[in-house]
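Here's a quick walk through a protein model, written for someone who'd rather look at it than read a long methods section. Keep the viewer open while you go.

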Amino acid sequence: MRFESDTQHAPRSGLILLQVMVFGLFCLFTLRFWYLQVHKGEQFAQKALDNQMRQVLIDSARGRVWDSTGRPVAVSEPSFALGLVREDCENVEATLAKVAQWTGADPAALMETYKRGKKRVKPFEPLILVTDLSYEALAHIEANDIFWPGLEIVVRQKRHYPEGSLMAHILGYVAEANEEELEKNQALSLGDSVGKQGLELTMENWLRGAKGKKQVEVDALGRQHNEQVIVEPAAGNNIALSIDLDLQRLATGLLDGQAGAIVVLEPDSGKLRALVSQPAYDNNLFVLGVPQDKWAELRDNPMHPIQNRTTQGLYPPGSVFKLLVAAAGLSEGFITYNDGVVCTGSYQLGNRKFHCWKKGGHGYVDLRRALVHSCDVYFYKLGERMGMDRINAYAKASGFGLPTGVDLPHEKAGLIPSREWKKKRFGEAWTRGETLNASIGQGYVLVSPLQVARYVGALLNGGKLLKPSLLRDEPPEVQGVLPLAGEHRDFLVETMVDTVQGGTARRLLRPDARVGGKTGTAQVVKLINADQRRKAADMPYKYRDHAWLASFGEKDGKRYVVIVLVEHGGHGGEVAGPMAKVIYDYLFGPPPGKTAVQADPVIHQLEAGD
């Protein structure tokens with residue numbers, strides 16, 4: 001093998017040339033980088049801003065709500081909001097001042113909205129300043145926004161309630177999400193609306209849709225070009241109610257000018273056909289933020305229009321509660337159908353006299369006549385025998401003192417007192433006189449109209465305590481069973497029929513249907529003179545008795561429970577009875593011509609006391 005000599009080397013000029021070439025190339029790149037990044041940096045940065053891609057959220061429509069026949073009662077309509085893209089805005093303060101000038105908004109409020117939004121909205125996303133623009137403001141802004149970079153018109157969905165106050169206590173309303181709600185749900189954006197009351201609140205997750213996303217090309221002024229939808233928005237789910245809008249309107253009209261509640265329920269399914277609380281409010285006021293003066297007017301109204309009286313109104317049930325006390329007496333073995341007492345118009349307990357509503361008394365009455373004619377003395381004696389704790393336990397087992405579970409927020413449980421409750425609440429011992437008051441639905445006993453409806457429904461449907469349902473397609477949900485034998489249920493139902501045939505609910509009588517009822521006149525204040533209670537027209541409104549009617553009707557295989565409560569209305573049979581009659585005329589059609597009622601003249605004496 002031959003090897004090259006150690007004295008042989010590559011040409012030196014070639015190595016130097018290679019090094020010069022590498023150094024020259026490096027200098028060229030460095031010069032080019034300097035030219036692009038430093039000398040032309042500002043110019044190219046502006047060009048980059050002139051033409052860039054952004055991802056924008058697409059608002060989704062909230063689910064619609066219909067009545068039982070498909071008529072809309074809550075819908076979403078397009079509206080126009082004004083947003084501000086911060087990275088496109090050259091002068092925030094001047095822009096906000098101009099927005100205030102165009103829209104009439106408070107400049108301080110706009111600045112507060114801007115500061116709050118900076119924490120949640122990205123610089124390239126529109127920060128909503130005004131949620132609903134009038135068409136005049138919209139036209140003015142679109143004609144001038146070219147001079148105010150960063151302003152952007154955003155199409156959103158706005159809730160609208162076509163029936164307004166008619167369905168307000170059922171539907172509730174939506175309003176702009178507050179900080180707590182925004183923190184709780186990361187899918188919400190500043191300016192989004194969420195359910196605040198009614199079904200809008202309890203069915204929020206069902207009604208709320210999912211936002212979409214689109215990619216848009218924008219220029220230096222924030223104007224959008226060449227948009228492309230990446231994710232389609234998904235509308236919220238719809239709801240079909242069990243409410244009959246015509247019946248709801250009819251029942252609302254019956255209470256016009258009065259405070260009260262009406263419940264119409266199907267006892268075999270638990271479906272609510274009408275749920276009326278009066279007075280009411282226009283829930284459209286809250287969608288875009290209720291004005292301060294309107295809110296103060298609603299808040300300070302002595303008739304409390306915001307309160308849903310069907311679920312949140314708690315009242316002494318008066319004689320309607322005798323159905324429960326009679327059931328307890330039968331179930332616990334304290335009475336039979338034939339056990340009777342002599343009512344002289346009062347009952348003496350110690351040194352105190354407890355009066356019956358009928359001044360001269362009812363004479364001898366058994367359980368049937370005591371219920372039909374609503375004899376207080378009979379139930380005074382029965383309540384004293386059973387004791388309050390036994391009444392308390394039985395009432396709670398029958399659904400009182402507990403929420404009904406209806407899909408409405410803030411439902412109140414009512415109150416069925418006990419000795420232990422009074423000791424904790426007032427630090428005082430329970431008295432026998434308080435048991436007597438409770439046995440006729442007075443004293444501390446408080447119930448809601450919806451609880452009474454569920455109880456009467458259970459008497460008719462075999463004893464099942466069903467969840468009152470507002471949803472048309474929801475299957476019946478059994479929450480419990482009345483602790484009452486079938487024969488005892490049938491007996492109580494028949495006494496309600498007898499009460500219509502010839503007792504205190506005779507105004508409901510019609511020959512073509514089986515109708516039963518139990519009236520109630522509940523005192524709201526203690527009267528020293530018992531005769532004062534009979535002179536409601538002479539009493540101040542706030543001291544008048546509440547008028548109750550718990551009833552049911554059956555015709556052609558259809559059954560309904562109708563509960564009417566009129567606050568400070570007076571006697572149940574006189575005030576609530578005619579209202580229930582109008583409802584049955586709607587449900588069953590007009591009754592045929594009047595026919596003479598053949599019956600015992602004593603039984604069919606029309607009493608006005610309850």
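What follows is a short tour, from the whole chain down to single residues.

**The big picture**

Bear in mind that this is a predicted model. The protein has 20 helices and 21 strands. Of its 610 residues, 49% count as buried. The accessible surface adds up to about 29200 Å², and carbon and sulfur atoms own 53% of that. Now look at contacts with a sequence separation of 6 or more: 73% of them are between residues 24 or more positions apart.

**A greasy spot on the outside**

Which residues form a nonpolar patch on the surface? They are Leu25, Leu28, Phe29 and Phe33, which together have about 440 Å² of accessible area. Leu25 sits in helix H1, which covers residues 12-39. The spacing of such residues is easier to follow with a bit of helix geometry. An α-helix has 3.6 residues a turn, so residues three or four places apart point the same way. Leu25 itself counts as partly exposed because its relative accessibility is 45%, between the 20% and 50% cut-offs.

Ala109 in helix H4 (residues 107-118) is another partly exposed residue, at 39% relative accessibility. Ala109 is 20 residues from Leu129 in sequence, and the two C-alpha atoms are 9.3 Å apart in space.

**Where H12 meets H19**

Two packed helices are described by the angle between their axes and the distance between the axes. For helix H12 (residues 322-331) and helix H19 (residues 486-502), the axes come within 10 Å and cross at roughly 145 degrees. The crossing of H12 past H19 is right-handed. On the H12 side the contacts come from Leu323, Ala326, Ala327, Leu330 and Ser331. Their partners in H19 are His488, Phe491, Leu492 and Met496.

H12 also holds Lys322. Is Lys322 buried or exposed? It is buried, because its relative accessibility is 0%. Leaving aside residues up to four places away in sequence, Lys322 touches Leu371, Ser374, Cys375, Asp376, Phe379, Ser439, Ile440 and Asp610.

**An enclosed helix**

Two of those Lys322 contacts, Asp376 and Phe379, are also among the buried residues of H14. Why is helix H14 (residues 376-386) described as largely enclosed by the rest of the structure? Because eight of its eleven residues are buried. Besides Asp376 and Phe379, the buried set includes Val377, Tyr378, Tyr380, Leu382, Gly383 and Met386. Just after H14 comes Gly387, with a positive phi of about 85 degrees.

**Backbone oddities**

A cis peptide bond joins Gln278 and Pro279, with omega at about -5 degrees. Pro279 is in the loop between strand S12 (272-278) and helix H11 (292-299).

Two residues other than glycine have a positive phi, and here they are side by side:

| Residue | Phi | Loop | Relative accessible area |
|---|---|---|---|
| His304 | about 50 degrees | between H11 and H12 | 43% |
| Asp556 | near 55 degrees | between S20 and S21 | 70% |

With those areas, His304 counts as partly exposed, while Asp556 is exposed. For Asp556, the flanking strands are S20 (546-555) and S21 (558-566).

Methods
Residues are numbered from 1 along each chain as its sequence is written. This is a predicted model: local features need pLDDT of at least 70, side-chain atom pairs count only at pLDDT 80 or more; totals for chains, interfaces and linings use all residues. Side-chain values use heavy atoms; hydrogens and water are left out. Patches are made of residues with over 30% relative accessible area and no salt bridge: like charges are joined within 9 Å, nonpolar side chains (Val, Leu, Ile, Met, Phe, Trp, Tyr) within 5 Å. Accessible areas come from the Shrake-Rupley method with a 1.4 Å probe; for residues, only the protein chains shown count as cover. A salt bridge is a side-chain nitrogen of Lys or Arg within 4 Å of a carboxyl oxygen of Asp or Glu. Helices (H or I, at least four residues) and strands (E, at least two) are DSSP runs, numbered from the N terminus. Buried means under 20% relative accessible area, exposed over 50%, partly exposed in between (1.4 Å probe, protein chains only). Axes are lines fitted to C-alpha atoms, for helices over the stretch in contact, and angles run from 0 to 180 degrees between N-to-C directions. A crossing is left-handed if the near helix is turned anticlockwise from the far one by less than a right angle, and right-handed if clockwise. Contact means heavy atoms within 4.5 Å.
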